[in-house]
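Reader: Hi! I am in my first year and would love a close look at one helix and the residues around it. Could you walk me through that part slowly?

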Amino acid sequence: MKKLAAQIGWFVIVGCAAAATHWAVVVACVAGGGLPPLVANVVGWLVAFGVSFTGHYQLTFRHQHAPLVQSAVRFFMVSALGFAVNETAYAILLKWTTLRYDILLALVLIVIAGMTFILGRFWAFRHSR
């Protein structure tokens, strides 16, 4: 139980760092680069993937001793699935609500985090036996 609590703690820390990176890149691309929010979201996800994978591999799921390449491929698939859900939800919310794009993105990123933890813990960073 102590190991799980520590893992969840690291997941929150790394996830917050990755989400903050994702959000900041999107805002910078929209506000400073003039990109549409959905295009900027792709750029934000790609940058945040590096933060997320590195942190989760070295901190959150380190005790699982999964091989680096296997973990990278699997986590990219988890992240891509999360991003597909993210982008779909974000597109729908941008079209059907009047909330600001940055607020909507923050909400979507929070919802995707739970899915990422479960898939990361039980598949992406699982050590094959």
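Author: Happy to. Helices here are DSSP runs of H or I with at least four residues, while strands are runs of E with at least two, and both are numbered from the N terminus. With that in hand, we can begin at His 22, which sits in helix H1. Before going further, please note that this is a predicted model, in which local features need pLDDT of at least 70, side-chain atom pairs count only at pLDDT 80 or more, and totals for chains, interfaces and linings use all residues. Residues are numbered from 1 along each chain as its sequence is written, and side-chain values use heavy atoms, with hydrogens and water left out.

Is His 22 buried or exposed? His 22 is buried, having a relative accessible area of 3%; the word buried means under 20%, exposed means over 50%, and partly exposed lies in between, using a 1.4 Å probe and protein chains only. Leaving aside neighbours within four places in sequence, His 22 is in contact (heavy atoms within 4.5 Å) with Asn 41, Gly 44, Trp 45, Ala 48, Asn 86, Leu 105 and Leu 109.

One of those partners deserves its own visit. Asn 86 belongs to helix H3 and is buried at 2% relative accessibility. Not counting residues up to four places away in sequence, Asn 86 touches His 22, Asn 41, Leu 105, Val 108, Leu 109 and Ile 112.

Back in helix H1, we meet Gln 7. Gln 7 is buried too, with a relative accessible area of 2%. Beyond its neighbours within four places in sequence, Gln 7 is in contact with Thr 60, Phe 61, His 63, Gln 64, Phe 117 and Arg 121. Gln 7 and Val 73 lie 66 residues apart in sequence, and their C-alpha atoms are 21 Å apart in space.

Now for the helix pair. In general, two packed helices are described by the angle between their axes and the distance between the axes. Axes are lines fitted to C-alpha atoms, for helices over the stretch in contact, and angles run from 0 to 180 degrees between N-to-C directions. The axes of H1 (residues 2-32) and H4 (residues 101-124) come within 10 Å and cross at roughly 145 degrees. This crossing is right-handed: the near helix is turned clockwise from the far one by less than a right angle, whereas anticlockwise would be left-handed. Among the residues making the contact are Gln 7, Phe 11, His 22 and Trp 23 of H1, and Asp 102, Leu 105, Phe 117 and Arg 121 of H4. By class, the contact has 14 nonpolar, three polar and two charged residues; Ala, Val, Leu, Ile, Met, Phe, Trp, Tyr, Cys and Pro count as nonpolar, Asp, Glu, Lys and Arg as charged, and the others, Gly among them, as polar.

Asp 102 has one more story to tell. Its side chain meets that of Arg 100 in a salt bridge, at 2.7 Å from N to O; the term needs a side-chain nitrogen of Lys or Arg within 4 Å of a carboxyl oxygen of Asp or Glu. Asp 102 is buried at 10% relative accessible area, whereas Arg 100 is exposed at 53%. A search of the whole structure finds one salt bridge.

Finally, what about the cysteines? Cys 16 is partly exposed at 48% relative accessibility, and Cys 29 is buried at 16%. The structure holds zero disulfides, a disulfide being a pair of cysteine sulfur atoms within 2.5 Å.
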